[in-house]
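Trainee: Got a minute to go through this one with me? I'd like to start with the charged pairs.
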Amino acid sequence: DWLDFCVQVLKPKGTLTLIHTAERMDEILCLLRPKMGEILVFPLWPTQGKPARRVIIRARKDIKSKTQFSQGLILHTPQGQFTPEAEEILRFGKPITF
């Protein structure tokens, strides 16, 4: 219901961006595909080599195109510190490059 409402209030070619758990990604994509396109999935990897726990999904209303996956962002070093890329986004407001 929540995703349907979000899509309904968007203007044609409007953009929806959400962050959610990676385990729900398939369900979200199935709900978005009939009405949205230019879907991009941006995984957030906790550390290199571990599965993503969260994904950012961006889609545009009334556009037809295939779903794409971005390389995503590794959030932490093996020592548990934020990676330089994550630090720039979190601390200094650098935009995420999809």
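Mentor: Sure, definition up front: a salt bridge here is a side-chain nitrogen of Lys or Arg within 4 Å of a carboxyl oxygen of Asp or Glu. Keep in mind that this is a predicted model, where local features need pLDDT of at least 70, side-chain atom pairs count only at pLDDT 80 or more, and totals for chains, interfaces and linings use all residues. Residues are numbered from 1 along each chain as its sequence is written, and side-chain values use heavy atoms, with hydrogens and water left out.

Trainee: OK, how many salt bridges does that rule give?

Mentor: The count is 4. One of them joins Lys35 and Asp4, at 3.6 Å from N to O. That pair links distant parts of the chain, 31 residues apart: Lys35 is in the loop between α2 and β2, Asp4 in helix α1. Helices (H or I, at least four residues) and strands (E, at least two) are DSSP runs, numbered from the N terminus.

Trainee: And what does Glu87 pair with?

Mentor: Arg91, with the closest N and O atoms 3.2 Å apart. Both sit in helix α3 (residues 84-92), 4 residues apart, about one turn of the helix.

Trainee: Switching topic: which residues of α1 are buried?

Mentor: Leu3, Cys6 and Val7. Buried means under 20% relative accessible area, exposed over 50%, partly exposed in between (1.4 Å probe, protein chains only).

Trainee: Where do those buried residues fall, seen down the axis?

Mentor: Within an arc of 95 degrees, so they line one face of α1; the arc is taken from the directions from the helix axis to the C-beta atoms. On the other side, Trp2, Phe5, Gln8 and Val9 are exposed.
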